Structure formats: C-alpha cells, structure tokens
Amino acid sequence: MQNPVSDGLYEVPIAVPQLEPIPPRVPGRLVKIGERTLSTRFTLAPLAGYTNLPFRLVMRRLGGLGMATTDLISARALIQGGGKTLELAETCPEDEPLAMQIFGSEPDVMVHAAKWCQDHGAHIVDINMGCPVNKVTKGGGGSAMMCQPTNTVGLVEKVVGAVSIPVTVKMRLGWDDTELTAPFFSREFEKVGVAAITIHGRTREQGFRGGVNEEGIRRVVEAVEKIPVFGNGDVRTIQDAARMFKDTGCAGIAIGRGGLMHPWIFKRLSLWDETGDPGPHPTYRERLEFMDSHFQSMLSLRTERSACINFRKVATWYCKVLRPGKKIQQELVMIQSAEHFANMVGRIAEILSQREEKGEWHPAEHEIRLPEGPIAHW
Ligand SMILES: Cc1cc2nc3c(=O)[nH]c(=O)nc-3n(C[C@H](O)[C@H](O)[C@H](O)COP(=O)(O)O)c2cc1C
C-alpha cells in the first residue's frame, strides 16, 4: 500500500502501516531493582553514541521511562579519567534512576570502575556482556565474557561485593546458536547477588540479523528465581511489547532503537500498562518540538560547536520521521550554529503546516534500522 498523500519530496513512497488494534495490557507488577522500585516497567537500553545525558534528559521529560542507562564505558578508560570517557558518565540529579554501564575483563579494574560510578551519581552499575564489537571482545570484554564462565562469574561477584548500589548485567543469549549460555549465567549471577538481567534475544554471532528469540529470553526468565529480567530486542510498538511480555514472561522491557525513532514509546507504554489505553501518537508538530528540545538540551550541556556536531548524528533519524525533504535534510546534517538550527526548525514548521492533514505519525511506518557511521557494526 502506498501513502495516498504525496508531497512530491520523496522518490520512494512511504508505506502506510497496518494499524493493528491495541492489545489488552499484560498484567504484571512494577519492577524492583535492589531496594528501588522503578516507576514503569520500561527502560531505555544503551545505544552508544546516542544515549548521552542531553538525550536522556529530554526522554525523561516526555515521561514513562522507568530507568535509563549510559552508553557503555570502558572500565579502564574510566579510571584513567580521559575527558571523552568522563563525558559518557556525565549525569545530574534529574537523570534518575541511572545505570552506568561498564565493560572490561580485568576484575580489579572493573571493581575500581564500579566504585567510581557509585561515587559519581550512578544508582545502578550495569556490566556489559553483550557487546559484539571486536574492539571490545578481543580484550575479553562484552560478549566474549560469555565464553569464560568461571572468570566471568568471579568477576561479577567481585564487583557486586565492592559496591553498595545494585549491580545488573546486560547480555545476549550466548556466543552462537550451538549453546545459549544466558540462562546458565543468569542463574549464577543471581546467586552472587546481581539485581537484574537485561537480555537481548540474539546471539553474538547473529549481530542484529534475524529475529529475536523469545523462547531464549523465556529460558532466562525461567532460569532465575527472583530477580527481574528485562526482555530486549526490536520492541517499537505496543503490540511488540505485549508480545514480548506474553511470549517471554519478562518483568520489564528495555528499548533501544525504538526509543530513538519514537521517544513517546515510553509514555505510551506506561499509559497502556496503567490504563489499557496508550493515548494518541504525537503529532508531527510535537515531534518537531521534541527535536528542538533535544538540540536545546545539547546546547545547555555542551559548547555550541559540540551541540551542532552531535546533532548532525541524529538529524537523519528526525528526518526519517518528519520528512522535510532532501534539501532540508542535507542542511540539517551539516548544521552550523544555534541560529542556523532555529532557522531550520522554522522552515520545517512551515512545511508541516502545509501538510497538517497527514495527522499522526505511526512508528510502524519505519523499519528499525541501524544508524550509519562508525558504530554501525553494533
Ligand atoms: C547504535 C547502537 C549502539 C548500542 N550500544 C550499546 C551499548 O553501549 N551497550 C549495550 O549494552 N548495548 C548497546 N546496543 C544494543 C542495544 O542496547 C540493544 O540491546 C539492541 O539494540 C536491541 O534492542 P533494540 O531493538 O530495542 O534496539 C547498541 C545498539 C545499537 C544499535
């Protein structure tokens, strides 16, 4: 099916989504991590390069977010204190609850880094065991940890023992399909005091290909006794979330790319979870206002130059949704200054006002795609 309203700006027609009915809410309790009860069952999964403080703050202001996580941070770099690394761990009182995610394979370094996180505003320390990128796995970190059961459980136990805040683990189902080790690890981690698990329902070998293995996530849920398990992978609509809850029995859901594409997803999911009605999708104008607040958030925390450079990275995401036309997109990805940005917002608002009749934006209009650029191999 093709979009019946064509503004002539696009060569490729945009598919009109199949609007599935809103499913009934899937009963469940609020999730506790350690002593802290999260306000909703939905958390923002880390997306290196995107889930930085300016983005987390605007997401939190929209509502519905139970918890957010930093991008993954090298434990070694953190304790060496490089400026770029410290920026990854930047936080503030409004940024709560926050999990700082660290990776590394040396127990002492991980312990040191976890303590650093505790002393610098983290409410939770999350250990990354899911990253498939060679740079991380060749040092024995990320998903490579899933090949070293004894060392890995020992490392996690040391980290748990070293801090008073909860320690959580985010991982994939296993290295490859031959053996899904996540249920084993989850059980062992619970025994040594880990407070929650987030499980991306793919293996390391899969990367981001193929579907999410809900059965694999269910096995992790069944492997633990008490701690909450967050199901993760490809959730971007209420229907996806309902399926994730029903098929896996998970306590909560972590959402990454769906949150970038559709920041309102947390608010809609939490409303649905409370009342059964997720409320309306945002209008295009609200989407534009969100883009503006995202840039303003960058501007308030960074220099103007850095805000512009960082915004360029996310400009394409916004253009996919707002569809302002190629010319504006080309300019937005090269944004030069705050004044230039304000001018672009005005021009996009003008375009949107000419096509008000298009109404609400629906997330199913867009496939979940990986961002381009140096981190595209995630
Ligand atoms: C660009 C990008 C960066 C990511 N960075 C991280 C990271 O820093 N730490 C991590 O544990 N997972 C990371 N992931 C994995 C996501 O957190 C998540 O597990 C995965 O994208 C599947 O969930 P989703 O379909 O909701 O995005 C990243 C994924 C992408 C696409």
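These are my notebook entries on a predicted model of one protein chain.

**Entry 1. Overall make-up**

I began with the secondary structure and found 15 helices and 10 strands in the protein chain. The chain has 378 residues, and 44% of them count as buried. I then looked up how far apart in sequence the contacting residues are. Among contacts with a separation of 6 or more, 70% are between residues 24 or more positions apart.

**Entry 2. The nonpolar core**

Which residues touch the most other members of the largest nonpolar core? I found Ile102 and Val125 in that role, in a core of 92 residues. Helix α13, residues 304-322, gives the largest share of this core, with 7 residues. I also looked up the domains: domain 1 (37-275) and domain 2 (284-356) both contribute residues, so the core lies between them.

I listed the contacts of valine 125, leaving out residues up to four places away in sequence. Valine 125 touches Ala99, Met100 and Ile102, and also Ala114, Cys117 and Gln118. The rest of its list is Val159, Val163, Ile165 and Val167.

**Entry 3. Strands β4, β5 and β6**

I went to β6, residues 124-129, next. In this strand 6 of the 6 residues are buried, so β6 is largely enclosed by the rest of the structure. One side carries Ile124, Asp126 and Asn128, the other Val125, Ile127 and Met129, and both faces are covered.

Strand β5 gave a similar entry: 6 of its 6 residues are buried. Its covered faces hold Leu98, Met100 and Ile102 on one side and Ala99, Gln101 and Phe103 on the other.

In which sense do β5 and β6 pair, parallel or antiparallel? I noted a parallel pairing over 4 bridges, with β5 covering residues 98-103. Alanine 99 has isoleucine 124 of β6 as its bridge partner, and isoleucine 102 stands opposite isoleucine 127 in β6. Strand β5 also pairs with β4 (residues 67-74), running parallel to β4 with 5 bridges between them. There, alanine 68 stands opposite leucine 98.

Just before β5 I looked at a peptide bond. Glutamate 96 and proline 97 are joined by a cis peptide bond, with omega about -5 degrees. Proline 97 sits in the loop between α3 (83-88) and β5.

**Entry 4. Leucine 65**

I looked up leucine 65 in the loop between α1 and β4. Is leucine 65 buried or exposed? I counted it as buried, because it has 25 C-beta neighbours inside 10 Å and the cut-off for buried is 20 or more. Beyond residues up to four places away in sequence, leucine 65 touches Thr40, Phe42, Leu44, Met59, Arg60 and Phe266. I also noted its distance to alanine 254: the two are 189 residues apart in sequence and 9.9 Å apart in space, C-alpha to C-alpha.

**Entry 5. Helix α8**

Helix α8 covers residues 214-223, and its buried residues are Gly216, Ile217 and Val220. Seen down the helix axis, these fall within an arc of 100 degrees, so they line one face of α8. What covers the buried residues of α8? I found α7 (182-191), β8 (196-200), β9 (229-232) and α9 (238-248) among the elements that do so.

**Entry 6. Helix α12**

I checked the span of α12, residues 284-301. With 18 residues, this helix reaches 26 Å from its first C-alpha to its last, close to the 26 Å expected at 1.5 Å a residue. Its buried residues are Tyr284, Arg287, Leu288, Met291, His294, Phe295, Ser297 and Met298. I found that they pack against α1 (53-62), α13 and α15 (338-354).

**Entry 7. Two positive phi values**

I looked for positive phi outside glycine and noted two residues. Aspartate 234 has a phi of about 65 degrees and lies in the loop between β9 and α9. With 19 C-beta neighbours inside 10 Å, aspartate 234 counts as partly exposed, since buried takes 20 or more.

Arginine 323 has a positive phi near 45 degrees. I placed arginine 323 in the loop between α13 and α14 (326-332). With 23 C-beta neighbours inside 10 Å, arginine 323 counts as buried.

Definitions and conventions:
Residues are numbered from 1 along each chain as its sequence is written. This is a predicted model: local features need pLDDT of at least 70, side-chain atom pairs count only at pLDDT 80 or more; totals for chains, interfaces and linings use all residues. A nonpolar core is a set of buried Ala, Val, Leu, Ile, Met, Phe, Trp, Tyr and Cys residues joined through C-beta atoms within 7 Å. A residue is buried if 20 or more other C-beta atoms lie within 10 Å of its own, exposed if 12 or fewer, and partly exposed in between; C-beta atoms are placed from the backbone. Domain bounds come from an automatic or database domain assignment. Two residues are in contact if their C-beta atoms, placed from the backbone, lie within 7 Å. The arc is that of the directions from the helix axis to the C-beta atoms. The expected span of a helix is 1.5 Å times one less than its number of residues. Two strands pair if DSSP finds at least two bridges between them.
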